[in-house]
Amino acid sequence: MVKSDQRQNRLKEYFLSAAVYWPECVWELEGAIPGRKFQIDIAFPTHKLAIELDGHTAHSHKDKFQRDRERQNLLTLNGWRILRFTAKDARLTESLGIIQQCLDNKAT
């Protein structure tokens, strides 16, 4: 699917850019919460910071949207902070700045 490929390419671009500044970031982290099977697009496990890159197709179906919200709530309840960016967001530099601000702010 073209839209999915575009999202995946954009996600990889975000990850590669983030990894230059923060080598500790993890691509598609699984196991953030023991016993739960889902992925975080880009994760900073020691900071419990999750970066999610959203596209329209990922949330176009009601069930997918609902599962995504349940996953976010579960992460939040377990001490994770979540930053969300859109797949079409062309402001990568600004997004990296927001990530840095969040990493600098240790409060949850």
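Which residues is E52 in contact with, leaving aside its neighbours within four places in sequence? I began with this one. I noted that the model is predicted, that local features need pLDDT of at least 70 and side-chain atom pairs pLDDT 80 or more, while totals for chains, interfaces and linings use all residues. I also noted that residues are numbered from 1 along each chain as its sequence is written, and that side-chain values use heavy atoms, with hydrogens and water left out.

**Entry 1: E52.** I found E52 in strand β3 (strands are DSSP runs of E, at least two residues, numbered from the N terminus). Outside those neighbours, E52 is in contact with Q39, I40, D41, R71, I82, L83, R84 and F85 (contact means heavy atoms within 4.5 Å). I looked up its accessibility: E52 is buried, at a relative accessible area of 4% (buried is under 20%, exposed over 50%, partly exposed in between, with a 1.4 Å probe and protein chains only). A polar atom of the E52 side chain lies 3.1 Å from the backbone nitrogen of D41.

**Entry 2: phi angles.** I kept in mind that most residues other than glycine have a negative phi. I then looked up two residues.

E28 is not a glycine, yet has a positive phi of about 45°. I placed E28 in strand β1, residues 26–30. Is E28 buried or partly exposed? Its relative accessible area is 24%, so E28 is partly exposed.

K48, also not a glycine, has a positive phi near 50°. I located K48 in the loop between β2 (39–44) and β3 (49–54). K48 counts as partly exposed because its relative accessibility is 33%.

Notes: Helices (H or I, at least four residues) and strands (E, at least two) are DSSP runs, numbered from the N terminus. A polar contact is a pair of N or O atoms within 3.5 Å; within protein, one must be able to donate a hydrogen and the other to accept it, and residues adjacent in sequence count only if both atoms are side-chain atoms.
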